[in-house]
Amino acid sequence: MISGTHTPHHMDIDSIGALVAESNAAQEKPVRHIRIFDTTLRDGEQSPGASMTFAEKMQVAEQLVRMGVDIIEAGFPSASPGDLAAVREIARRTRGTAVAGLARANQSDIDACREALQDAERPVLHVFLATSDLHMQYKLMMTREEVLARVDEMVRYGRRFFADVEFSAEDATRSDWNFLSQVFTTAISAGASTINIPDTVGYTMPNEYTALLTHLRRTVPGIEKVTMSAHCHDDLGMATANTLAAIAAGVGQVEVTINGLGERAGNTALEEVVMALRTRADTFGGYTTRIATEQLVPTSQMVSRITGIHVQPNKAIVGANAFAHEAGIHQDGMLKHRGTYEIMEPRMVGWSESKLVLGKHSGRHGFDAHLRRMGMRLRGEELQRAYESFIAFVDEHKTVDADDLRRIAEIAKHMPLPEQASA
């Protein structure tokens with residue numbers, strides 16, 4: 001039987017609320033840098049169909065440096081000779097950005113990271129071990145005592161070769177909270193400089209994640225001397241919300257991917273977290289990142305092109321429709337003041353401009369503005385006839401191109417006016 005898996009989750013609402021309030025109060029601090037740990041080349045590449053060639057990994061790594069991420073998790077060196085070679089080359093080329101390699105909690109994996117990262121300017125060992133009763137019983141077949149001993153042994157072993165060791169408790173959000181406190185206490189005592197609290201299967205909710213992080217800050221000795229990190233998955237569509245909740249609860253690092261690429265439903269999307277912090281400074285005031293936000297769209301498009309995984313049109317920030325407007329009311333508002341329907345400038349994230357898209361929901365003002373941009377100016381009855389013809393056209397054909405618009409406008413211009421026809 002699996003025992004004690006969710007003990008602290010049975011806390012009453014008032015207790016959780018008190019923890020959240022305590023966490024919020026603790027965050028009344030000066031401006032704080034949030035470290036962006038990009039795992040596109042590791043967790044992102046684990047997305048089915050997203051594997052990259054050696055040369056493609058180099059391109060992505062160079063772009064991540066250009067964009068300003070703090071840490072690139074370049075891969076899982078023990079997974080294959082090819083992965084080890086790619087991590088080693090990224091480590092050799094990269095300057096100004098830390099490079100991490102992932103390892104299971106065993107010596108051979110750590111040795112593979114040691115080999116791969118030997119030329120890194122700032123190498124990071126990222127070692128993980130599962131801590132939920134479900135994983136320990138059915139996957140690891142280890143007791144809690146054995147897990148604690150392994151964490152201590154492997155973090156200490158890693159510290160022999162790496163100044164910066166991150167320890168991740170896989171499936172942390174489904175682990176017993178008191179046992180998790182013991183695990184992180186052990187990891188910190190053994191020399192971990194970062195502790196990661198992953199929502200490995202996208203299970204938790206923001207209020208639960210906040211309460212868990214607050215519990216750890218209260219119960220893990222020495223936690224104030226290390227960096228807390230959040231790593232969330234999107235199985236319930238909560239990855240970005242959980243990551244933002246973690247930032248508010250005190251983490252100094254977030255683990256994210258470009259386009260939210262990753263296992264199953266994906267990881268937290270880098271672009272969403274970065275732009276939420278920037279756009280909602282009223283809520284997240286005091287948090288900064290190094291990200292050059294104008295590189296978000298170019299990076300997104302590069303990763304999409306290389307992996308062959310297309311970004312959904314309505315994806316926040318980097319989707320093709322993120323700054324596109326079709327509805328007449330929206331287009332009219334945009335023509336009067338951009339702020340009516342956009343909360344950020346498209347150029348801020350790498351788009352050239354907003355798009356007023358013509359479709360059956362477009363209004364006459366948007367239609368007129370589009371014709372004017374094409375050099376066609378209609379007035380009065382001509383514009384009304386052209387607009388009515390346009391609506392009839394898109395009702396039948398769904399889409400309209402520039403040639404269609406020119407033809408509709410020309411016909412409207414040369415049709416006789418109603419009084420001329422009756423004369």
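I'll start with what is buried in helix H7: Trp-177, Phe-179, Leu-180, Ser-181, Val-183, Phe-184, Thr-186, Ala-187, Ile-188 and Ala-190. That is ten of its 14 residues, so the helix is mostly covered, counting as buried anything under 20% relative accessible area. Please keep in mind that this is a predicted model.

H7 itself runs from residue 177 to residue 190. From first C-alpha to last, the helix reaches 20 Å, close to the 20 Å expected at 1.5 Å a residue. What covers its buried residues? The cover includes three helices, H5 (133-140), H6 (144-159) and H8 (206-219), along with strands E6 (165-170) and E7 (194-199).

Now the two ends. At the start of H7, Asp-176 places a side-chain oxygen within 3.2 Å of the backbone nitrogen of Asn-178. Just after the helix, Gly-191 has a positive phi of about 120°.

Next, the salt bridges. Side chains of opposite charge can pair when their charged atoms come close. The count for this model is 19 salt bridges. I will go through three of them.

Two involve H5, one of the helices that cover H7. Asp-133 forms a salt bridge with Arg-144, with 3.0 Å between the closest N and O atoms. This pair links distant parts of the chain, as Asp-133 is in helix H5 and Arg-144 is in helix H6, eleven residues apart. Which partner is buried? Asp-133 is, at 9% relative accessibility, while Arg-144 is partly exposed, at 24%.

The other is between the side chains of Lys-139 and Glu-170, at 2.7 Å from N to O. Lys-139 sits in helix H5 and Glu-170 in strand E6, so this salt bridge ties together parts that are 31 residues apart in sequence. Here Lys-139 is partly exposed, with 41% relative accessibility, and Glu-170 is buried, with 17%.

There is also a network. Through shared partners, salt bridges join Glu-62, Glu-89, Arg-92 and Arg-93. One pair in it is Glu-89 with Arg-92, whose side chains meet at 2.4 Å, N to O. Where do these two residues lie? Both are in helix H3, residues 81-93, and they are three residues apart, about one turn of the helix. Glu-89 is buried, at 15% relative accessible area, whereas Arg-92 is partly exposed, at 44%.

To recap, H7 is mostly covered, and helices H5 and H6 and strand E6 are among the elements covering its buried residues. Salt bridges run from H5 to H6 through Asp-133 and Arg-144, and from H5 to E6 through Lys-139 and Glu-170.

Terms used. Residues numbered from 1 in each chain as written. Predicted model: local features only at pLDDT ≥ 70, side-chain atom pairs only at ≥ 80, totals over all residues. Heavy atoms only, no water. Helix = DSSP H or I, 4+ residues; strand = E, 2+ residues; numbered from the N terminus. Expected span 1.5 Å × (residues − 1). Buried < 20%, exposed > 50% of the residue type's maximum accessible area, 1.4 Å probe, protein only. Contact = heavy atoms within 4.5 Å. Polar contact = N/O pair within 3.5 Å; in protein donor to acceptor, adjacent residues only side chain to side chain. Salt bridge = Lys/Arg side-chain N within 4 Å of Asp/Glu carboxyl O.
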